[in-house]
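User: I am new to this structure and would like to go through it by question and answer. Please show it to me before we begin.

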Amino acid sequence: MTSQPEIDCQATCVSRRLFLNASGAATATMLLGELFPNRVHGQAQDTPVQVTKLPRQKIGQLSKLEADQPVSFNYPGEGELHNCMLIKTAELSGGGLGDAQDIVAFSGRCTHMGGSLEGEYNAEHKVAGPCRLHLTTFDLTRHGMVIAGHATEALPQIILELDGDDIYATGIAGLLYGYSVNG
Ligand code: FES
């Protein structure tokens with residue numbers, strides 16, 4: 001009897017559900033528990049989220065991150081609506097990378113009307129905001145969920161991958177402000 005090849009379940013399950021959108025990026029609706037196995041914080045396992053698989057881009061290095069010091073980067077393009085932040089929250093965070101699962105990245109644009117969240121990270125509470133326009137605040141330890149203010153959508157979370165010391169962005173969970181599709 002021949003043995004069955006081992007299947008990378010996570011990769012296979014994701015690729016089966018992904019489909020190409022008009023921009024060529026692969027999108028799918030998944031549950032947070034499927035997207036981040038064993039890395040969902042709080043009660044969010046069954047929360048559906050639009051996932052867009054995008055080109056892999058190096059955005060930082062593990063050894064250079066300091067707790068509560070956000071690092072700006074653009075993803076997946078260069079426009080100002082693609083401004084994002086990479087943060088070591090020093091606290092268990094949903095979808096977090098690293099031994100402490102505390103490294104996360106999010107869009108830097110508020111989902112209400114696109115206000116910039118640059119410089120609005122609150123290290124004491126691990127939140128982005130309040131947004132300067134209408135005061136929405138997002139919890140970065142819980143997948144960017146809205147905890148106050150006008151926005152109704154969570155802050156898009158950048159899907160991260162660790163390769164040695166290098167941190168890569170590989171996609172987005174949620175929809176960037178101002179876009180009908182990511183990418
Ligand atoms: S644009 Fe951020 S709360 Fe309105």
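Analyst: Buried means under 20% relative accessible area, exposed over 50%, and partly exposed in between (1.4 Å probe, protein chains only). This is a predicted model, in which local features need pLDDT of at least 70, side-chain atom pairs count only at pLDDT 80 or more, and totals for chains, interfaces and linings use all residues. Residues are numbered from 1 along each chain as its sequence is written, and side-chain values use heavy atoms, with hydrogens and water left out.

User: Is threonine 141 buried or exposed?

Analyst: Threonine 141 sits in the loop between β9 (137-139) and β10 (145-148); strands (E, at least two residues) and helices (H or I, at least four) are DSSP runs, numbered from the N terminus. Its relative accessible area is 4%. Because that value is under 20%, threonine 141 is buried.

User: With which side chain does the side chain of threonine 141 make a polar contact?

Analyst: A polar contact is a pair of N or O atoms within 3.5 Å; within protein, one must be able to donate a hydrogen and the other to accept it, and residues adjacent in sequence count only if both atoms are side-chain atoms. For threonine 141 the distance is 2.7 Å, and the partner is the side chain of aspartate 139.

User: Which element gives the most residues to the largest nonpolar core?

Analyst: A nonpolar core is a set of buried Ala, Val, Leu, Ile, Met, Phe, Trp, Tyr and Cys residues joined through side-chain atoms within 4.5 Å. The largest one has 16 residues, and Phe73, Tyr75, Leu86, Ile158, Leu160 and Ile167 touch the most other members. Two or more residues come from each of β3 (48-61), β5 (83-88), β6 (103-107), β11 (157-163) and β12 (166-173). The element that gives the most, with three residues, is β12.

User: Which proline follows tyrosine 75 through a cis peptide bond?

Analyst: Most residues other than glycine have a negative phi, and most peptide bonds are trans. The bond after tyrosine 75 is cis, with omega near 0°. The residue it leads to lies in the loop between β4 (71-74) and β5, and is proline 76.

User: What is the phi of leucine 135?

Analyst: Leucine 135 lies in the loop between β8 (127-128) and β9. With a relative accessible area of 53%, leucine 135 is exposed. Its phi is positive although the residue is not a glycine, at a value near 75°.
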